[in-house]
Amino acid sequence: MELYNQQPWQRYVSLFLVLSATLDTGSAVTHYSVPEEMKVGSVVANLAGDLGLDVKTLNKRKMRLDIIANKKYLDVNKETGELFIVEKIDREYICNTKSSTSCYLKMEVIIENPLRIFNIELEILDINDNAPQFRRDAIHLDISESTPFGERFSLSNAVDPDVGTNSVKTYYLSESDHFNIEVQTGRDGSKFADLILKKALDREEQAVHNLILTAVDGGVPTRSGTASIIVRVLDTNDNAPQFDEETYTMNVIENSPIGSIVVKLNAIDLDEGSNSDIVYSYSLYTPEKSQNTFSLNPNTGEITVKEMINFEDFKIYDMEVIATDKGASPLSGQCKLTILVTDMNDNHPEISIKSFQSPIKENVAVDTVIAVVSIGDKDSGKNGEVDLNIQRNLPFALRESSDNYYELVVSEPLDREKVPEYDITFTVTDRGSPPLSDNETMTLELLDVNDNVPQFPQSFYTIPVTENNAPGALLSSLTAFDPDLHENQYLVYFIIEKEIVNTSMSMLFSINPENGNLYALKTFDYEIEKEFLFHIESRDSGVPPLSSNVTVHIVIVDQNDNTPVIVSPWRAQGSVVEEKIPRSTDKGSLVSKVIAIDTDSVQNSRITYQFLQVTDATLFSLDQYNGEIRTMRMFSYRDPRHQRLVVIAKDNGEPALSATVTIKLSTVETAVKAYSDMTEVPLEYDIFSDLNLYLVIGLGSVSFLLLITILVTCVLKCQKPKPSKAAPPCRNSVISERNSTIADSTLVSNDAYWYSLFLAETRKGKLVVRQPVPKGSRYIVSSIPRSTGLTETSDSAASTLQYSK
């Protein structure tokens, strides 16, 4: 500390430090002492050096000085670390009570990064800057001439706001033959003088005595004050009032109602008349505080509460009451009264949050200090003992760091996604009866960290896509959720590349990286591609980024986009199928079979057949499921020789697609004889007479019908055609992609009777004949074994088989 020698009073400046281990919350107290009235700007101490702080960091660490419960008399120079005076300090103004000779200014020095609090006590030393003063400039005393010598009279004491040796030390009385003084010391150390009669008075000799009372303090240099004592000598009134007791001790509870009675004093005067009438009053040296707090009824002697009593201000009230009679020469008696104030729990405990950190990151470590709290209570005893608590079920705890100082620390891991902020209420409660409490609430906000992985609502998505979709069509929105905030919540979506037959997923699909909308980049064809399986990744923008992925299954849904294709009976593009049928055909005989294929699937590939046009609706029937055209009765000679059948093959799609075939049937009269199941014998034609012709026809018809019945029965029992898909006819090939069975065909001989149904299938690349083949029949095949005896001929449309045996 820098000392100044320019002013004489500055030689009284002293400084001492109590050094101890320094704690962050300031459990060590640094003590300084300075005399009052120091010049503004005077340096008290090098605070930074005394506290062991680096002067260069004071500004950065935001050093500040907080004077508790007073205005700012001092400040800290952040450039030099010196504690200096910014306003004149008047000890008598700051410490206006005489209950203690010590006067302190309590301060806190607070620095941050890290937070530290130092407790400073500045003791203000008294200087002799006030002279003693009497309450009254003139003290009037009426003394009876019959007053015996040795009688004492109370005099008004002098008041000196200074303390210690600077306060009133003694009194001096001007020279007198009748009076002397005796200096007394009060309970609080104050000095007062009693006027003592040392010689009997004679009013006729001297009616008035004028004395000078001088009060002198103990300062250097000394100061003094004077008051005039005017003594008037009265005639005899020889009995003075007397109290029941010389000393009274009473208890009163603080905050007692104004007007409530504390005590009723009683004094008795043995005189009669006006000399026995008593008036009660306070003595001159009863403290003004007592007189202002308690009211004395001059007639009854009742002492009542005059103003609110506060235990924290005054605990003991001393007073002296005088009982004076109304005689011509009034006499008085006095008693001393001590009133003890009983404390009530009338002060709420106080909370002060010294530092508070908000917001904090949600991953803050357990045991981190986030606030420092101080508590206090002005009451005493149990009423002044306080407890600090916070709400239960919070991830925080209170830890006592020093007397009445607590630290709020993190006791459990925090998670912003569960609780984004906390309202922490500090409740302080004293131990009085009934207890009083106070509370203060602070809001602690948590900052987000990237600790959550993006999550899709599902781990597997199946997305149906109808074929023939438009390129760029929205397929679905795959949105993930991230409970984090800001950049930790901003998600970007990617397709994880996966090649399928040299085609990457990014060539087929695209995803909006911002919202997860999935789009198709091309038109899909169910007949070529039926499904895709790939993964989509969602990644947040945190540091480091977190990600998750989801499996996407694209299923192509079939659309009715393929028209049925009629593959049997075969015909050239746009041509009409011409068939011949014997007129002797029995009822129920197979005339022809229409076979259509559809490359769609399920309902879209299920085909039904109907007559669109028929010459005679009573002659033919059509099976709507297998396309077989059969006779409903035998031909008669009245039936036309040419029949026109238009068959429509319609799929079951929505809307339905169809194809038609026109079959022209011509009836012929032929004779057929069969030798075996696997061969055909050419028919011989002759010109008969009409009678012979009728006989031949009759016999042939009977034989034919019998043979047809046997063959058809065998065929129906042995042959169960399997429907299959066939490709459109082309030259030398009618086999589908899957090598399905060659569809059945109806074969008609050009110049023979209707014989039977020709059935064939491919087995290991060979054609197997299962029924007799009429001469001149045609059938579309892919390969012809030589062992069958069939040779391949060509026409403009497709390959045909010509029976050549």
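Here is a short chat about two nonpolar cores and two acidic residues in a predicted model.

Biologist: Which residues have the most contacts inside the largest nonpolar core?

Modeller: That core has 30 residues. Strands β1 (29-35), β2 (43-46) and β6 (104-111) are among the elements that each supply at least two of its residues, and so is the helix α1 (47-51). The residues with the most contacts inside the core are V44, L47 and L74.

Biologist: Leaving aside neighbours within four places in sequence, what is L74 in contact with?

Modeller: L74 sits in β4 (74-76), which supplies at least two residues of the core. Leaving aside those neighbours, its contacts are V44, L65, I67, L83, F84, I85, V86, I89, L105, M107 and L122.

Biologist: How many residues does the second, separate core have?

Modeller: Y461, L478, L518 and Y526 are included in this one. The second core has 25 residues.

Biologist: Is D598 buried or exposed?

Modeller: D598 is in the loop between β44 (595-597) and β45 (607-614). Its side chain reaches the backbone nitrogen of D600 at 2.9 Å. Buried means under 20% relative accessible area, and D598 has 2%, so D598 is buried.

Biologist: And E79, in the loop between β4 and β5: which residue's side chain does its side chain join in a polar contact of 3.1 Å?

Modeller: E79 counts as exposed, at 59% relative accessibility. Not counting residues up to four places away in sequence, E79 touches V55 and N59. The C-alpha atoms of E79 and L58 are separated by 7.5 Å, with the two residues 21 apart along the chain. The side-chain partner in the 3.1 Å polar contact is N59.

Notes. Residues are numbered from 1 along each chain as its sequence is written. This is a predicted model: local features need pLDDT of at least 70, side-chain atom pairs count only at pLDDT 80 or more; totals for chains, interfaces and linings use all residues. Side-chain values use heavy atoms; hydrogens and water are left out. A nonpolar core is a set of buried Ala, Val, Leu, Ile, Met, Phe, Trp, Tyr and Cys residues joined through side-chain atoms within 4.5 Å. Buried means under 20% relative accessible area, exposed over 50%, partly exposed in between (1.4 Å probe, protein chains only). Helices (H or I, at least four residues) and strands (E, at least two) are DSSP runs, numbered from the N terminus. Contact means heavy atoms within 4.5 Å. A polar contact is a pair of N or O atoms within 3.5 Å; within protein, one must be able to donate a hydrogen and the other to accept it, and residues adjacent in sequence count only if both atoms are side-chain atoms.
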